[in-house]
Structure formats: C-alpha cells, structure tokens
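Trainee: Hey, got a minute to go through a structure with me? I'd like to talk about charged pairs and helix packing.

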Amino acid sequence: RGVRLIGQGETPKPARGARIFVYGESSAAGSPWGPWASFARSLEEQLKALARPGVDIEVMNFGVSAIASDRAALLVEWTMEEDPDLIIVYLGHNEICERRPIGSGTGRWSSALERRSMVYRVLRLKLARRPPWPAEPFAAAVCDDVPTLTGDEKRQLTDDYAQNIDLIIDSARSAGAVVVLMSQVSNMLMPPGGTHNEAALRFHKGLNALRRGDGAAARRFLADAVDLDDQPRRFRTAQKEVLAARADARRGVFFVDSARHVTERAEHGILDWRFVIDLMHPNVTTQKLLAESLLTGFFLRERWKEDSFDYSRYDSRLLWRWKPSAAQYFMACERYFRESVPKGSKTVDPRVCLAAARADLDSASDVDEQRQARRLWEFLWVYGNDRKDREALAEAERLLATPSLWERVEPGFP
C-alpha cells in the first residue's frame, strides 16, 4: 500500500467498505521484519478475500516502535477524524517506557469516576489539557534504561494503563468506531530483568519443572515470573484483566484473548523463541496466528458488518498460503545482514545472507553479536518453513538449542 497522510484533513471513505485502524507498538508494526509481516497485513488479505462484490477494505497500521498507551491515546484521538469503522488495539509491553511519576495519577475519587462514569471520561478527554503533538509524532521513543519499580509503582503503571485504554475507547466510540482489544504474546523463557528475588525464584522453578516434564507447573511458575518482574517489559496478567473488564458488546467494545490463541499451539502452553524472537516481538508465524485470533475471535464470532463480508467463504488455510516474496527476503536480508548485500544491488539470493551471517555467528560474543544470532535464527526459521528447506530448519533448531547464544540477548538480562 502507498503512504497516505493521516490527520491532515478528512479522507472520504468509499461508499461501500470497511475502514479498520490498528494501533500498537513495534510488534503491531511487524518488527523486526516490517509492515508486510504484521498481523494487520495478514488480516487485510483475509478480509479482502471475504469481502462481498463492490466492497473496499482498508486496514491501516499505526504501529509505532516503543510507543505506550499515553502516546497511543493521543494517536487514536488524532486519527479519529479519518472516520474508522473499527479500531484494533495491541498495546501493553511498553508502559514502563512512558511511565508517569508515582503519584501523578488522578486520585482515589477521580479514579473511581474513571471506572464508573463514561460521561466523566468523555468530559475529561475533551476538557483536559493535552500535551502538544510532537513535531515527529511517529518517531520512536527511547526505552533503553528500564527502571526498577516498587509494588506501588507497578500498581500505578496498571492504573495509568487502564485510564489510557478508557481514553482510547472513548475517542473511538465518540467517532462511532467499534473497538477490539487484544492480549499480547511474550517470550516466557526470557528471565525477569529486575531484582525481585521471588520473580527469579519462580523463573528457575519453571525451568526445573520443564526439565522434569511437568508442563502445567512450568507454565504457572513462568507466568508468575513475568507478573512479578519489577522491570515489567512484558504484558502482564493485570493488564489482561484491564482489557477483559472493558469488553461490553452493547458499547461496541470487544476483547480477544490473542495470547491464549497462540499459547494453545505451543508445547505445554509456553511461548519460547519458536513463537517470539526476543522478549515480545512475534515471528512471522505468530503474526499470522494473531490475525487468525482476530478472524475467529471477533469477525466470525460477531459477524461484524455482515453486509460487507461473506463469512461463509472463510477458509482457514488461506492465511497460511501467503509466502514472502523475493523482494521481501531482500528487505530482511538488507536489514539484518547489510554488509552481505552488494552495493547497488536490487535483488539478492537469501543464501548469500545466510552464508555471511553464519560466518559472523562463529565469533559471536557480545550482546550485539548475540542479537545477530537471534536474527539469524528468525531468518533461518522463516526461510526454512517457507521454502521447505530442511537444512535451514535443522540449523535454526541447532541455534535454538545453543544456550550460550541466548544468555544475554538484551542488555540488563542475566
């Protein structure tokens, strides 16, 4: 799709059609591969296949790297003049990146009003002094130095998240748009990043249970470790509860437990690097599973805009028929393994990328080189699956089973 300016004046919708906006962080944007690999792209292709004759489907991806719910609420408010029919929200990992100082919340009484009164929320949205929109609103925020939070600060973080989700909902509903809130996936085998002893203990108990083959206990302990982490960079149970509590079909607000849809496909329900390539970014397969969760958990279940879609034509296999093109492999190759791409070249054999990356991998020692190993694993995994290359898949599995390559894939993690 071409680039189109949003927020510079209303863009008329087609006479018959559906306009869908997707908001979220880098995961929603399709990182690290790009927008073509995002669940928004897969969703658009599937919805176009279901569209009735003469119906035009638009799915616009507003995913922004390192964004959190504060800026996302502004972005939603700013783009409502474009008159979407539906907004999809995939947010929660980056709340600590835009954390407000402790005590900056609305207070006990106003917080109660936030939860109980839609009129109060709408008035606050309209009357509150909003910060000016930045000169480059889509520029990524910096989220490198993650602070360690106290229990009170984590609760405040959840309260702020809840208030911002309410603002997002109210902006959308005031524009007549339906809202779909999604739970998020994260890598459960990444250790907690903070200093909380109980979080570390639960994590190691989870690993031990996994070694014993007790998948249920392992999943429980590993999920606890994510929730107890005092450097919360992953979507937590408290945030899922915030989203689920706001589901109300009468108001046009729906919750899709996308994380559950994905974990049902994982061994023992534990998401690892086969699904999430680092702490929270889904690989290409998981992006398709996220799209599938929206199709089955909202569109097919609710029969949304049935005059525009023929849901009887839904074919679950269609989602998995799309393969990356040579140009998209080249884009990934250039992004991950830039030095291996000949200058001025417009096409490249993916094997050139693989050969160059393998050579670099032999000397991987510091964090940056280990990130390269992670990217090579993702490249091998997608390439092997899409091209039915058993050699590439076997090498991906070998990388996955090499603990030294995953010990310090992100700064701050032991």
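Mentor: Sure. This is a predicted model. Start with Arg-202 and Glu-198: their side chains meet in a salt bridge, with N to O at 2.7 Å.

Trainee: Why would two side chains pair up like that?

Mentor: Side chains of opposite charge can pair when their charged atoms come close.

Trainee: Where do Arg-202 and Glu-198 lie?

Mentor: Both lie in helix α7, which covers residues 197-212. They are 4 residues apart, about one turn of the helix.

Trainee: And how accessible are Arg-202 and Glu-198?

Mentor: Arg-202 has a relative accessible area of 23%, so it counts as partly exposed. Glu-198 is partly exposed too, at 29%.

Trainee: How many salt bridges does the structure hold?

Mentor: It holds 18. One of them links Arg-265 with Glu-264, where the closest N and O atoms are 3.5 Å apart.

Trainee: Are those two residues buried or exposed?

Mentor: Arg-265 is partly exposed, at 41% relative accessibility. Glu-264 is exposed, because its relative accessible area is 52% and the cut-off for exposed is over 50%.

Trainee: Which residues are joined with them into one network?

Mentor: Arg-260 and Glu-292. Salt bridges that share partners tie Arg-260, Glu-264, Arg-265 and Glu-292 together into one network.

Trainee: Got another pair for me?

Mentor: Try Glu-302, which forms a salt bridge with Arg-301. The closest N and O atoms there are 3.3 Å apart. Glu-302 is partly exposed, with a relative accessible area of 33%.

Trainee: Okay, switching to helices. At what angle do the axes of α6 and α9 cross?

Mentor: Roughly 25°. Helix α6 is residues 151-174 and helix α9 is residues 237-245, and their axes come within 10 Å.

Trainee: So what do we call that arrangement?

Mentor: Roughly parallel, because angles under 35 degrees count that way. The crossing of α6 past α9 is right-handed.

Trainee: Which residues make the contact?

Mentor: On α6, look for Thr-158, Tyr-161, Ala-162 and Ile-165. On the α9 side, find Ala-238, Gln-239, Val-242 and Leu-243.

Trainee: How do those divide into nonpolar, polar and charged?

Mentor: In the contact of α6 with α9, 6 residues are nonpolar, 2 are polar and none is charged.

Trainee: Nice, I'll look for those in the viewer. Let me check I have the first pair right: Arg-202 and Glu-198, in a salt bridge, both in α7?

Mentor: That's it: 4 residues apart in helix α7, with N to O at 2.7 Å.

Definitions and conventions. Residues are numbered from 1 along each chain as its sequence is written. This is a predicted model: local features need pLDDT of at least 70, side-chain atom pairs count only at pLDDT 80 or more; totals for chains, interfaces and linings use all residues. Side-chain values use heavy atoms; hydrogens and water are left out. Axes are lines fitted to C-alpha atoms, for helices over the stretch in contact, and angles run from 0 to 180 degrees between N-to-C directions. Helices (H or I, at least four residues) and strands (E, at least two) are DSSP runs, numbered from the N terminus. Angles under 35 degrees count as roughly parallel, over 145 as roughly antiparallel, 65 to 115 as roughly perpendicular and the rest as oblique. A crossing is left-handed if the near helix is turned anticlockwise from the far one by less than a right angle, and right-handed if clockwise. Contact means heavy atoms within 4.5 Å. Ala, Val, Leu, Ile, Met, Phe, Trp, Tyr, Cys and Pro count as nonpolar, Asp, Glu, Lys and Arg as charged, and the others, Gly among them, as polar. A salt bridge is a side-chain nitrogen of Lys or Arg within 4 Å of a carboxyl oxygen of Asp or Glu. Buried means under 20% relative accessible area, exposed over 50%, partly exposed in between (1.4 Å probe, protein chains only).
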